[in-house]
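The following report describes a two-chain model for a computational chemist. Overall chain properties come before local features and internal cavities.

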Amino acid sequence: MSKLLFFLPEQASSVAGPVDLFFFFMVAVSVFFSALIAVLLVFFAIRYHQSGAATAPAAGVVVGPEPEHAHAQGAMLLEIVWTVIPLGLVLVMFAWSTSLYFTLVRPPADAVAMYAVGKQWMWKFQHPEGQREINELHVPLGQAVKLTMSSEDVIHSFFVPAFRVKQDVVPGRYTQVWFRPTRVGRYHLFCAEYCGTQHSGMIGWVEVMKPEDYQAWLSGAAGGAPRQTLAQAGEQLFTERACVTCHPESGEGRGPSLGGLPGAAVTLEGGGTVVADDGYLRESILNPAAKIVAGFQPLMPTFQGQLSEEQLVQLLAYIKSLGVKPAAEAPAPPATKD
Amino acid sequence: MQTSHAMAEVPGPAPQALDYLNADYGIRSWLFTIDHKRIAILYLLMITIMFVVGGVFAAAVRLELLTPQGDAFEADTYNKLFTMHGIVMIFFFLIPSIPAVLGNFCLPLMIGARDLAFPRINLLSWYVYMVGAVFGTFAIVAGGVDTGWTFYTPYSTTASQTNVIPAVLAGFIVGFSTILTGLNFIVTVHKMRAPGMTWFRMPLFVWAIYATSLIQMLATPVLAITLLLLVLERGLHIGIFDPALGGDPVLFQHMFWFYSHPAVYIMILPSMGVVSEIVTCFSRKQIFGYTFVAFSSLGIAVIGFLVWGHHLFVSGQSAYAGMLFSLLSFLVAIPSAIKVFNWTATLYKGKISWDTPMLYVFGFIGLFTIGGLTGLFLAALGLDVHLTDTYFVVAHFHYIMVGGAIMGYLGGLHYWWPKITGRLYPEFWAKIAAVNIFIGFNLTFFPQFLLGYLGMPRRYHAYPEEFQVLNVLSTGGAPVLGVGYLLPMVYLIWSMRYGPRASANPWRATGLEWTTPSPPTTHNFEEVPVVTQDAYDYPAMEKKVA
C-alpha cells in the first residue's frame, strides 16, 4: 500500500516523504535534460545525416560563407544561457537538499536516547529501560528515537531504507542518527559500509510497534523485563570500578562532580571550554589526560580497553541521569533528559 | 564497409617506406623502444589484458548476484572478486587507458612534435606500470585481497586477513607511472609545440590530456602518501588511522578521496577530449565554443580537487563541511554540462556521418548525461544520505566510467586505429559492436539505479529476495555487454593483418596527426610542420572539396 512504485522503499519515517519528494524533483529535472539532449542528438543526427561525409567527400556540395563570426554574438548568448540556467538549478537543488539534510541530522528535542554498537557482524542495541537486543530494534510508533552508535572493530553503517536514514558507525567515537517512525511494521536494517566476510549478513530488523504494544514489549512480553535500567547498570559499574571515590555526588572528590555535566560547558585547565557531549564524556573516560577540567589534577587512570562499548554507554546513561548538584531539583527521567 | 573499401589506398609512393612499426623487428626493439608510438602499443597490450582480467571478475560478481543466496562463491571469495575488479579496472585499466595509449600515441603528433619531451622517462613509466602489475598479479595469485578498492581503514589495517600490502603497493607503484606520464605530457605541451601551434590552436584532446596530467601530477602523490601510511600501520602498527592505536579512520577517507575523486576526472576528462575530436570530424564543423570546452576541462580539473568530501557525507564529517563539499560538487557539474551542450550544438547543421567513432560519441553523450545528472543526486546532502553506499552509487559511477570513459576510449581507438596500425577496421562489425555495447551497458546498469533507491547496499554477497528481479535484469545484460567488448578485440586484431590499408587521412580530418603517413614514421614529421589555422577548420576543408 505504501509502495507507490516498485523501486520506492516503504515510507516509514517522518523524513521519508520529504526525501522522496526531493528525489522526484531530481528525477524530473534529470528526465527533462536527458530527454532534451537525446531528442536534439537524434534529431540532428537524422536531419543532418550525410552518409560518408567524413570518408568520401560528396561532390558538388556548396558550402556557404563561414557562419562563425556572423553568429558570434548569438553563440555567446547561448553559452551564457546554458551556463546560467544549470547554475540556477543546481543552487536550488543545493538549498533544498541542504535544508533537508539539517532536518535529517538534527534530532528533535523530544527524541528518546537509545544506543547501538556495531561489531563484525552484528548489531547490538540498548534501550534506556535496560532491554538489550541483537539485530533487532523495537521502537514505538510516532516517537522520535536518537541512536548513539559506536563500533567495536571496523567501520559499519546503520541504514534503514524505509526510514531514508544512514549513518556510519565509526570505531573510537560516537555518531548519531535519529528517526521518527510513522508506520507500524518490520523494516530492513542493513550494514551499508563494507566490513568484511559477513558484511551482507550484518542485517536485521527495526520493528515499529504501536505505543501500547511497545510498552507491553518493554515490560516483558519478550522474556521478562530486565533487572536494571541502563542508568542503573551504569550506577553499578560506577561503584564497582570505584569511579565514585573520586567523583562522589557531593562534589567534594578529587575529580569534578558529574551532576548536571552532560551538555554543559566545561572550562579546561590552561584555558578554553568544551561542551560536555557524548564524545567528550567518552574521551574523558578512555583518555582522561586529553582534557583536564580547570582546577583539577590529571590523576585519573585510563579505562581504554577496560570497558566495553556497552558498558561505556551504561556509564553515559548513568551520568546523564544524575541531577544537578546537590539534588536541587528532581532529575528528569533519564530517557528524555539530554 | 563500402566506404572503408573506397578509402583503401595503396600504401603510398614508396611501398617499402619505413614506418614506426616496421622500422625494426624483434622483441628487443619493442622492450627498449623510446618511440612514444611503440610505448603506446606496449600500454595498449597491457591494459587490454587488464581489461579482460577485470572483466572476468565483474562477470563472476554478476553471476553471484543472480540469486539472493550467496551460492556461487564463498562470501570471502565474492569480496575478493569485487575488490580485484575495482583495483584492476581503476588502477590498471581506466586511469592509464586514454592518456597512456591514445595520449601517448597522438599527443606528440597532434602538436607537431617528434616525440614526448622525455622519451626515456616515457619508457620508464611503462616499466613502472609493469612492476605495479607484478605486485598486483602477486596479490591476486597469492590469494587475493578483500578490502574493496577503497582500502578503508581500520578494516584494511587491522581486520583483513588477505594480501593487503601487495595490493596496496601495486596501487602505490602504478601511481608513479601515472605521475611520470603526466609530467611528460605537461612538459611536452609547454615546450614541444610546433611553430604556430598556439595554446588556442591546440586540439581539445590536447587540452583535456593537459588538464588530466595536472591532476595526475598533483593528486597521485597524495595517494602514494596515503597508501604508504596504510602499509606502515598494517605492517609496523604505527597508529595513524586505527583508533585503537590512537589514529583516526576518517582521516584515511579524506586522504584517499583527495586523490580518488580527482582520479574520476583522470578517467573522464581524456574521454571528453576524444569526443571533441570525433564530434567535429564527423559533423564536418568547427567545434561550437572552443574556448568554453577548453576552459571547462581546466575548470573540472581545479574544482574537482575540492569536492572529495562528498564521499563522506555519512562518515561523521561535520555538517558544515558537508555543506561546502555539496555546494562545490554541484558547481563541478556546470563545466560538464557546458561541454555536453557545446557538443550537441556542434551537430547543428553539420554533415553528420554515422561512422563507428561517431556512434560511440552519441553513446557517450547520452550515457555521460545520465551519469552526470545522477551525480547531482549524490551531491545533494539530504538525498545522498539514503543513496550513498547503495547500488545507486554503483550505477552512477559505471555510467561515468564505463558509459563515459570506456565509450570515449573505444571511440578514440576506432578513430585513430587507421593511424596506429595503418589498417582500416571492418565498419559493419564495428557498428554492430558499438550498438551492442550501448544496449548491453544500459541493460546491465540501469536496473542498478532502481536497486539503489530501493535500498540494496553495495558489496553484498547475499541479499534479501525483494531485490532479485532487478538483479536478474542486471546480470542478464552483462553477457550482452561482454559480447560487445569481445567483438572489437576480435575484429581489431583481425584488421591488423587483413584490414584494408588506410590512407594518411581516412576521415578527412584536420589535425597534424593526419598529415603523417598511416602508420607514421618513427620521427613523425619529415620536417617540422608550421601551423597557420585554428583547430577543426572543417569548413575550409569542405570548401576545398567543393
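In this predicted model, 47% of the 338 residues of chain A count as buried. In chain B, buried residues make up 67% of the 546 residues. The cut-off behind both percentages is a relative accessible area under 20%.

The secondary structure of chain A consists of 7 helices and 12 strands, whereas chain B has 17 helices and 0 strands. The radius of gyration of chain B is 23 Å, close to the 24 Å given by the globule rule for 546 residues, so chain B is as compact as a globular protein of that length. Taken along the principal axes, the C-alpha atoms of chain B fill a box of roughly 70 × 45 × 45 Å.

The table sets out the surface and contact values by chain.

| Chain | Accessible surface | Share from carbon and sulfur atoms | Share of contacts at separation 6 or more that join residues 24 or more apart |
|---|---|---|---|
| Chain A | about 15500 Å² | 61% | 66% |
| Chain B | about 17800 Å² | 71% | 83% |

**Cavities**

How many cavities of 30 Å³ or more are there? The count comes to 7. The largest cavity has a volume of about 1000 Å³. Its lining comprises 50 residues, and those closest to the cavity centre are B:G371, B:G372, B:G375, B:L376 and B:H396.

Both chains take part in this lining. From chain A, α1 (16-47) and α2 (72-105) each supply at least two residues; from chain B, α9 (249-281), α11 (319-347), α12 (356-379) and α14 (391-421) each do so as well. Which helix gives the most to the lining of the largest cavity? That helix is α12(B), with 9 residues. By residue class, the lining of the largest cavity divides into 31 nonpolar, 13 polar and 6 charged residues.

**Loops of chain B: two leucines**

B:L312 is placed in the loop between α10 (290-303) and α11 of chain B. Is B:L312 buried or exposed? With a relative accessible area of 0%, B:L312 is buried, because the cut-off for burial is under 20%. Leaving out residues up to four places away in sequence, B:L312 touches B:V250, B:Q253, B:H254, B:W257 and B:Q317. B:L312 and B:P243 are 69 residues apart in sequence, and their C-alpha atoms are 18 Å apart in space.

B:L66 occupies the loop between α3 (36-64) and α4 (75-110) of chain B. The relative accessible area of B:L66 is 32%, so this residue is classed as partly exposed, the class between the 20% and 50% limits. Apart from neighbours within four places in sequence, B:L66 is in contact with B:Y463, B:Q468, B:V472 and B:T475. B:L66 and B:K544 are separated by 478 residues in sequence and by 57 Å in space, C-alpha to C-alpha.

**Backbone geometry in chain B**

Two cis peptide bonds precede proline residues in loops. The bond from B:T153 to B:P154 is cis, with omega near -5°, and B:P154 is found in the loop between α5 (119-141) and α6 (155-159) of chain B. A cis peptide bond also joins B:S518 and B:P519, where omega is about -10°. B:P519 is found in the loop between α16 (468-498) and α17 (538-545).

Positive phi values are a further local feature. B:R459, a residue other than glycine, has a positive phi near 60° and lies in the loop between α15 (427-454) and α16 of chain B. At 10% relative accessibility, B:R459 counts as buried. For B:Y536, also a residue other than glycine, phi is likewise positive and near 60°. B:Y536 lies in the loop between α16 and α17 of chain B, the loop in which B:P519 is found. The relative accessible area of B:Y536 is 3%, so B:Y536 is buried.

Conventions. Residues are numbered from 1 along each chain as its sequence is written. Chains are lettered from A and ligands numbered from 1 in the order in which they are written. This is a predicted model: local features need pLDDT of at least 70, side-chain atom pairs count only at pLDDT 80 or more; totals for chains, interfaces and linings use all residues. Side-chain values use heavy atoms; hydrogens and water are left out. On a 1 Å grid over the protein atoms alone, a cavity is a set of points where a 1.4 Å probe fits but cannot get out, and a pocket is an open set with protein on both sides within 12 Å along at least five of seven lines; lining residues have an atom within 4 Å of a point. Grid points are joined across faces, edges and corners, and a volume is the space filled by probe spheres set on the points. Helices (H or I, at least four residues) and strands (E, at least two) are DSSP runs, numbered from the N terminus. Ala, Val, Leu, Ile, Met, Phe, Trp, Tyr, Cys and Pro count as nonpolar, Asp, Glu, Lys and Arg as charged, and the others, Gly among them, as polar. The radius of gyration is taken over C-alpha atoms; the globule rule is 2.2 Å times the number of residues to the power 0.38. Buried means under 20% relative accessible area, exposed over 50%, partly exposed in between (1.4 Å probe, protein chains only). Contact means heavy atoms within 4.5 Å. Accessible areas come from the Shrake-Rupley method with a 1.4 Å probe; for residues, only the protein chains shown count as cover.
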